[in-house]
Amino acid sequence: MEMSVKIPLFRIYWDEEDVANVTAAIRRGTHWAAGPNTSTFEAMISEYIGAKYCVAFNSGTSALHAILLAYDIGPGGEVIVPSFTFIATSNAPLFVGAKPIFADIEERTYGLAPDDVKQKITPKTKAILAVHYGGSPCLIRELRELADTHGLILIEDAAEAFGANINGKKVGTFGHSGMFSFCQNKVITTGEGGAIVTDSSELYERLKLIRSQGRLETADYFTSAAYMDYVTLGYNFRISDISAALGITQLKKADKIIEMRRKNAKYMSQRLSQLEQIMLPEIPGDYFHVYQMYAIRVKGDKDLRDELMAYLGSRGIMTKVNFHPVHLTQFYREKLGHKTGELPITETLSNQVLTLPMYPALTEEEIDYIGEQIEDFFAKSGG
């Protein structure tokens, strides 16, 4: 392949069915904000994931905000979170006046380490917010056992892991509730969007109120003249019906998209398996990984990882560090006084991890090119 090739980190998978369903929603000329596609999308998510209830939101971040409100987590409460995550995970407790307590991760799935979570539990702890990193389930069964033992709420941040499962049981159903994101780089996408799944009818009703201004909706607000009372403080966290139309057709393709991702990830692992300088994703035997991201780990220091990143970039291959430690961002250093050295595994891993391109339409030719360039880098670096 020519060096002018451009391989992005991700490329959205869409087809004409997506275009047709969104077009139909627009041409309907009504119910663009709230409408029938939203309830259909929610029902499809519930069935696919295996949860009784689903409430869709305009983003995964809004969904996290809403679920903490629904659980009455607020000032004085603590929520245990990883630092190896997108910042929305740790910001969500701050949205409701609670405090995020960072725990370290383990080195197989890059999720919360149950032993460290146990050490961080205090009388103020209200919930554990566990992240399924990159499309792999974390040690969620062990975390559920820990939560049950200590009487804590377990929330799954499955933003990156739609469709992932353990022995056929999908992530989002191990905790008391689970969040999914449908942002553009996720397994399925509505552009921006998110959802909460749960088996609790009480939680379901509270989430619907929080999502739409605290309004007790007995009919469609936009087409009904009936007065609907406002019974709690709420927000405008609704997903648009146009976005939900896209979600419906994306979800119909979810298994196909996941199969394509897994096929490409398998080929990527085969292609890179002879490189002793890197570690490939390691998946426990009964785990089903959907590879929303494909993250390698460079054996060495941050400088070597960053040099590889720059080398690949110069050859038209985009890569990204997912993630830099949240507790070491300027905001969290200043807000909560966090310092280097608090989470050794998180900090080491963040200096070594590198996300390679991974998406359904990635070709074997492109994967071969990525592999060639990584091999060339280590040959030249003497690594």
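Is D368 buried, partly exposed or exposed? In this predicted model, D368 has a relative accessible area of 23%, and it counts as partly exposed because buried would require a value under 20%. The side chain of D368 meets that of R271 in a salt bridge, with 3.3 Å from N to O. R271 belongs to helix 9 (residues 254-272) and D368 to helix 13 (residues 364-381), so this pair ties together parts of the chain that are 97 residues apart in sequence.

That pair is one of 17 salt bridges in the structure. Another joins K252 and E17, whose closest N and O atoms are 3.6 Å apart. This pair also links distant parts of the chain, since K252 sits in helix 8 (residues 241-252) and E17 in helix 1 (residues 16-27), 235 residues apart. The two partners fall into separate classes of accessibility: K252 is exposed, with a relative accessible area of 55%, whereas E17 is partly exposed, at 35%. A network of salt bridges also links D15, D18 and K253.

A salt bridge can also stay inside one helix. D148 and R144 form such a pair, and their closest N and O atoms are 3.0 Å apart. Both residues lie in helix 6 (residues 140-150), where four residues, about one turn of the helix, separate them. D148 counts as partly exposed, with a relative accessibility of 44%, and R144 is likewise partly exposed, at 25%.

The next stop is a loop. S59 lies between strand 1 (53-57) and helix 3. What is its relative accessible area, and is S59 buried or exposed? The value is 15%, and S59 is buried because that figure is under the 20% limit. A polar atom of the S59 side chain lies 2.9 Å from the backbone nitrogen of S62. Apart from its neighbours within four places in sequence, S59 is in contact with E192, G193 and G194.

Helix 3 leads on to the pockets. The largest pocket has a volume of about 670 Å³. Its lining consists of 36 residues, and those nearest its centre are F86, E160, N185, K186 and F323. Two or more lining residues come from each of helix 3 (60-70), helix 4 (88-95), strand 8 (177-181) and strand 13 (353-356). Which element gives the most to this lining? Helix 3 does, with three residues. By residue type, the lining of the largest pocket holds 18 nonpolar, 13 polar and five charged residues.

The second largest pocket contains about 480 Å³ of space. It is lined by 23 residues, of which A34, K208, R211, S212 and E217 are the closest to its centre. Helix 2 (36-49) and helix 7 (201-211) are the elements that give two or more residues to this lining. The most comes from helix 7, which supplies five residues. The lining of the second largest pocket divides into nine nonpolar, six polar and eight charged residues.

Two points are worth keeping in view when turning back to the structure. Helix 3 gives the most to the lining of the largest pocket, and helix 7 gives the most to that of the second largest. Among the salt bridges, the pair of R271 and D368 ties helix 9 to helix 13, while D148 and R144 both belong to helix 6.

Conventions
Residues are numbered from 1 along each chain as its sequence is written. This is a predicted model: local features need pLDDT of at least 70, side-chain atom pairs count only at pLDDT 80 or more; totals for chains, interfaces and linings use all residues. Side-chain values use heavy atoms; hydrogens and water are left out. On a 1 Å grid over the protein atoms alone, a cavity is a set of points where a 1.4 Å probe fits but cannot get out, and a pocket is an open set with protein on both sides within 12 Å along at least five of seven lines; lining residues have an atom within 4 Å of a point. Grid points are joined across faces, edges and corners, and a volume is the space filled by probe spheres set on the points. Ala, Val, Leu, Ile, Met, Phe, Trp, Tyr, Cys and Pro count as nonpolar, Asp, Glu, Lys and Arg as charged, and the others, Gly among them, as polar. A salt bridge is a side-chain nitrogen of Lys or Arg within 4 Å of a carboxyl oxygen of Asp or Glu. Buried means under 20% relative accessible area, exposed over 50%, partly exposed in between (1.4 Å probe, protein chains only). A polar contact is a pair of N or O atoms within 3.5 Å; within protein, one must be able to donate a hydrogen and the other to accept it, and residues adjacent in sequence count only if both atoms are side-chain atoms. Contact means heavy atoms within 4.5 Å.
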